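Me: I am new to this structure and would love a close look at one part of it. Could you take me through it slowly?

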Amino acid sequence: MKLTYRNLFTDKNKIDYSVVKNGSSQFLCLQGKKTAEARIKKAYMCASFFYPELKDHFPEPISFNSGDENNLCTALFSYSESGFLTDFLSVVPREWQYATGRKLGRILKEMHSVPLTKPQSDKAVNRHESFMENLAEYISALPHFKNDKYALEALSQRFDNFSVFRTVMRYGSLNHGKVLITRDSSLILLPSYTFGPGDACEDFAMLEFETAGLYPLFCAGVVDGYFSGVIPSVFWTRFALYSAMYSLWKSGKIASKSKAMFIKMQQNVDRIRDDFSDFQKPIPKWYSLAELKTIKAKARKL
C-alpha cells in the first residue's frame with residue numbers, strides 16, 4: 001500500500017515532524033539523521049512515559065527505528081487530525097485564549113501527578129542543585145545582557161532559600177508551539193525530547209520564556225487550570241526565580257549563536273524582567289491585568 005507524507009514542520013535541530021498516511025491510517029513521524037538519534041529516542045521515551053496516564057493528550061508510541069543503511073532515525077506515533085495551537089490562539093477572542101490555557105493547565109497537573117521512582121526524584125533534586133553551575137556559566141562564559149543585574153541580584157539574594165517546589169517529570173520546553181488542537185478542541189502535546197525529572201516550576205518558566213510575550217492570558221489560564229484558583233505563595237517565588245535563571249542562562253546559550261539571536265534574546269530578557277517588575281515582585285504583570293477578572297467571567301460561560 002502506498003505511503004504518503006505531509007510535512008508539518010522541521011524544528012531547530014533539523015528533526016522533521018510529518019504525518020504519514022497508510023490507507024485510512026495516519027501516524028505522526030519524527031525523523032532525522034543519526035546525529036539526532038538521542039533526541040528522537042528521548043521523544044519516544046516521553047510519549048512512552050506519559051501516554052499510559054494521559055491517553056487523550058499524548059500520541060501513542062508505536063515504533064522507534066535507527067538504520068545505518070540510510071543514516072536516518074525514525075519514531076512513529078499515533079496521530080489524530082489536528083492543527084497547531086498557535087494558529088488557534090492567534091485568531092480566537094482573548095477569553096478563548098484564557099479558557100484554552102486553563103485546559104492545558106489541567107493537563108499539565110495530570111502530567112506532574114505521574115509518580116516518580118526514587119532515582120527519578122533524586123535526579124530532579126540534583127538537577128535543581130546544578131543551577132548554580134548554570135548561573136556561573138552565564139557569568140563566566142556566555143554573552144551578558146543589559147540590565148542583567150536585576151535577575152542576578154534576585155538569584156544571589158534568594159539562592160539559599162531557592163529549594164525545589166515540587167519534584168515531577170517535567171515536559172521540558174513547554175510552549176504553545178508544542179501543542180496541537182483537534183476539531184473538538186482537545187489538546188495533544190507533541191513528544192518532547194527535553195522531558196525529564198525536575199521541578200514543576202521549570203515548565204511554567206518555559207511558558208514565561210517562550211509564550212507569555214505573545215499570549216499572556218493563555219499563560220494566566222495555565223496557572224489557574226493547574227492550581228484550580230488556589231495558588232500557594234511559594235509557587236510564585238520559585239516561578240520568578242526560575243524565570244530569572246532562564247532569562248540569563250538559557251537566553252545566553254541562544255544568544256551565543258549569532259548577533260541576530262543576541263538582539264532577539266536581549267528583547268526577551270527585557271520582557272521577562274519587566275513581567276516581574278525588575279524581579280521585585282514574584283507575581284508577573286500578566287497575572288495582574290485589570291481585564292483578567294472580566295476575561296475569567298467570560299471564559300466560565302464558554
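Me: In which sense do strand β8 and β9 pair, and over how many bridges? Please start there and carry on to whatever else helps me find my way.

Reply: Happy to! Please keep in mind that this is a predicted model, where local features need pLDDT of at least 70, side-chain atom pairs count only at pLDDT 80 or more, and totals for chains, interfaces and linings use all residues. Residues are numbered from 1 along each chain as its sequence is written, and side-chain values use heavy atoms, with hydrogens and water left out.

Now to your strands. β8, residues 179-182, pairs with β9 in the antiparallel sense, over 3 bridges. Two strands pair if DSSP finds at least two bridges between them. Strands (E, at least two residues) and helices (H or I, at least four) are DSSP runs, numbered from the N terminus. Within this pair, L180 sits opposite I188 of β9.

The pair belongs to an open sheet of 3 strands in the order β6-β8-β9, with antiparallel pairing. The edges are taken by β6 (82-84) and β9 (187-189); each has a single partner strand, so one side of each is left without a neighbour in the sheet. From one strand to the next, the twist averages 35 degrees. Here axes are lines fitted to C-alpha atoms, for helices over the stretch in contact, and angles run from 0 to 180 degrees between N-to-C directions.

Look next at the loop between β8 and β9, where you will find S185. Its phi is positive, about 70 degrees, although S185 is not a glycine. Most residues other than glycine have a negative phi. S185 counts as partly exposed because its relative accessibility is 23%; buried means under 20% relative accessible area, exposed over 50%, and partly exposed in between (1.4 Å probe, protein chains only).

A helix joins the picture too: α3, residues 94-112, lies across β8 and β9 and runs at about 50 degrees to β9. Contact, a word used again below, means heavy atoms within 4.5 Å.

From the sheet, let us move on to helix α7, residues 200-210, which holds F209. With 5% relative accessibility, F209 counts as buried. Leaving aside neighbours within four places in sequence, F209 is in contact with several residues, including Y246, K250, M265 and I272. F209 and Y246 are 37 residues apart along the chain, yet their C-alpha atoms are separated by 7.3 Å.

α7 also meets helix α8 (residues 216-227): their axes come within 10 Å and cross at roughly 160 degrees. That makes α7 roughly antiparallel to α8, since angles under 35 degrees count as roughly parallel, over 145 as roughly antiparallel, 65 to 115 as roughly perpendicular and the rest as oblique. On the α7 side the contact is made by A200, F204 and L207, while α8 brings F218, C219, V222, V223, Y226 and F227. By class, this contact has 9 nonpolar residues, no polar and no charged ones. For these classes, Ala, Val, Leu, Ile, Met, Phe, Trp, Tyr, Cys and Pro count as nonpolar, Asp, Glu, Lys and Arg as charged, and the others, Gly among them, as polar.
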